[in-house]
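Open the model in your viewer and keep the selection box handy. We'll hop from one spot to the next, and at each stop you'll hear what to pick and what to look for.

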Amino acid sequence: MQLLTLLALAALTTHASAVTWYYLDFTTPSGSYITSFSGTMVAPGLPQAATYYLWPGLQPSGNAGVLQQVLDGRSGEWWIGSGWCCSDPDLPWGSGFNVADGAAVAFSNVVDDIDEGTWSTSLSSGSNSATGSFALPTHPMDQAIMAIELYNVTWDFGALTFEDVVIVANTTSTSWCTGGGTNYNNAAVISMSSPTATTSGPATTCSIASIVFEYPA
Ligand SMILES: *[C@@H]1O[C@H](CO)[C@@H](O)[C@H](O)[C@H]1NC(C)=O
Ligand SMILES: *[C@@H]1O[C@H](CO)[C@@H](O)[C@H](O)[C@H]1NC(C)=O
C-alpha cells in the first residue's frame with residue numbers, strides 16, 4: 001500500500017495531468033494544532049477497479065505528509081486502512097479491511113500529546129475494525145482534510161458523504177470551523193450542514209453533521 005502510494009506520488013510529480021483532486025480543508029490558526037479528528041465516511045458504489053483514493057486525513061504545517069484513512073478502489077473492491085504517507089518518518093501502512101458499497105466506516109485519529117505526537121487511529125464498519133499507532137513527533141497537525149484523489153479515472157461514483165465530523169484543536173478561535181473550510185479550487189460542489197464550534201478552556205470542538213461532495217463543479 002505504502003509503496004503504491006509512493007508510486008502515485010511520483011506520478012503526481014512527473015505526470016501531473018494524471019491526478020485529479022477535490023478536497024475540503026479546515027486549517028487551524030497559526031500556532032494551534034489538531035488533537036482529534038473523527039467522523040464517518042460512507043463508501044460510494046465502486047464503478048470499476050481503478051485508483052480512487054477517498055480519504056479523511058490530517059496534514060502538518062509545511063505539508064510534510066498526511067495521516068489518512070484511505071478508501072482504495074484499485075482491486076475492484078473497496079479497502080480501507082490508516083497510514084502516514086509517505087516518508088520522514090517512514091512508517092508501515094496500518095491494517096485495514098474491505099468495505100462494501102454503501103457501507104459507513106467510522107474513523108478516528110487522536111494524538112496523545114501535540115508535542116510528543118503519537119497518533120492512535122481507529123476504523124470500524126459493521127463487524128470489521130482496525131487500529132493503528134503512528135509516531136509523528138515532529139509533525140503537529142494543523143489541517144483536517146476530506147479528499148477525493150483520482151488517478152487516470154474520473155469522479156464517476158456519485159456523491160461522497162461524511163457524517164458526524166468532529167475536529168478538536170487547541171485554539172479559542174472558532175472562525176476556522178464556522179467558516180466551513182476551503183473547497184480546493186472550488187473544484188467540487190459540496191453541501192454541508194452548518195459547522196458548530198464549542199470552546200472549552202483552551203480547546204475548540206468543531207462539529208459538522210454532514211458534508212456531501214455532490215459532483216464536480
Ligand atoms: C497548542 O499546543 C502547542 C504544543 O503544545 C503549543 O506550542 C501552542 O502554543 C498551543 N497553542 C495554543 C493557541 O494554545
Ligand atoms: C496514470 O497514467 C499514466 C500515463 O499512462 C501512467 O504513467 C501512470 O502510472 C498512471 N497512474 C496510475 C496511478 O495508475
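Start by selecting strand β3, residues 51–60. Both of its faces are covered: T51, Y53, W55, G57 and Q59 on one side, and Y52, L54, P56, L58 and P60 on the other, are all buried. That makes 10 of its 10 residues buried. Here "buried" means under 20% relative accessible area, "exposed" means over 50%, and "partly exposed" is in between, using a 1.4 Å probe and protein chains only. The strand names come from DSSP: strands are E runs of at least two residues, helices are H or I runs of at least four, and both are numbered from the N terminus.

Before moving on, two notes on what you're looking at. This is a predicted model, in which local features need pLDDT of at least 70 and side-chain atom pairs count only at pLDDT 80 or more, while totals for chains, interfaces and linings use all residues. Residues are numbered from 1 along each chain as its sequence is written, chains are lettered from A and ligands numbered from 1 in the order in which they are written, and side-chain values use heavy atoms, with hydrogens and water left out.

**The neighbours of β3**

Add β10 (141–151) to your selection. It pairs with β3 in the antiparallel sense over 10 bridges; two strands count as paired if DSSP finds at least two bridges between them. Which residue of β10 stands opposite L54? Click on I148.

Now add strand β4, residues 66–72, which is also antiparallel to β3, with 4 bridges. L54 has a bridge partner here too, namely L71. Follow the chain through the hairpin of β3 and β4, where 5 residues sit between the strands, and stop at G62: its phi is positive, near 90°.

**The loop between β5 and β6**

Next, select the loop between β5 (78–85) and β6 (96–99). Most residues other than glycine have a negative phi, and most peptide bonds are trans. Keep that in mind at this stop. The peptide bond from C85 to C86 is cis, with omega near 15°, and C86 lies in this loop. A second cis bond runs from D88 to P89, with omega near 0°.

Stay on D88. It isn't a glycine, yet it has a positive phi of about 50°. Is D88 buried or exposed? It counts as exposed because its relative accessible area is 51%.

Further along this loop is S95, which is partly exposed, as its relative accessibility is 46%. Show T131 as well: it is 36 residues away along the chain, but the two C-alpha atoms are separated by 7.3 Å. Leaving aside neighbours within four places in sequence, S95 is in contact (heavy atoms within 4.5 Å) with W79, I80, G81, S82, A130 and T131.

**H139 and the cavity**

Now pick H139, in the loop between β9 (128–135) and β10. It counts as buried because its relative accessibility is 7%. Its side chain reaches the backbone oxygen of D88 at 2.7 Å. Setting aside residues up to four places away in sequence, H139 touches P60, A64, W84, D88 and P89.

H139 also helps line the largest cavity, together with Y33, I34, V111, I114, G117, W119, L136, P140 and M141. Select that whole group. The lining divides into 8 nonpolar residues, 2 polar and no charged. The space inside is about 40 Å³. A cavity is a set of points, on a 1 Å grid over the protein atoms alone, where a 1.4 Å probe fits but cannot get out, and lining residues have an atom within 4 Å of a point.

**Last stop: β15**

Finish with strand β15, residues 203–216, and β11, residues 160–169. They run antiparallel, joined by 9 bridges, and T161 stands opposite V212. Then add β13, residues 188–192, antiparallel to β15 with 5 bridges; M192 stands opposite I211. Strand β14, residues 196–200, pairs with β15 in the antiparallel sense over 5 bridges, and A197 has C206 as its bridge partner. In the hairpin of β14 and β15, with 2 residues between the strands, look for G201 and its positive phi near 60°.

Conventions: 1 Å grid on protein atoms, 1.4 Å probe; cavity = no way out; pocket = protein on both sides within 12 Å on 5 of 7 lines; lining within 4 Å. Points joined across faces, edges and corners; volume = space filled by probe spheres on them. Nonpolar A, V, L, I, M, F, W, Y, C, P; charged D, E, K, R; others polar. Polar contact = N/O pair within 3.5 Å; in protein donor to acceptor, adjacent residues only side chain to side chain.
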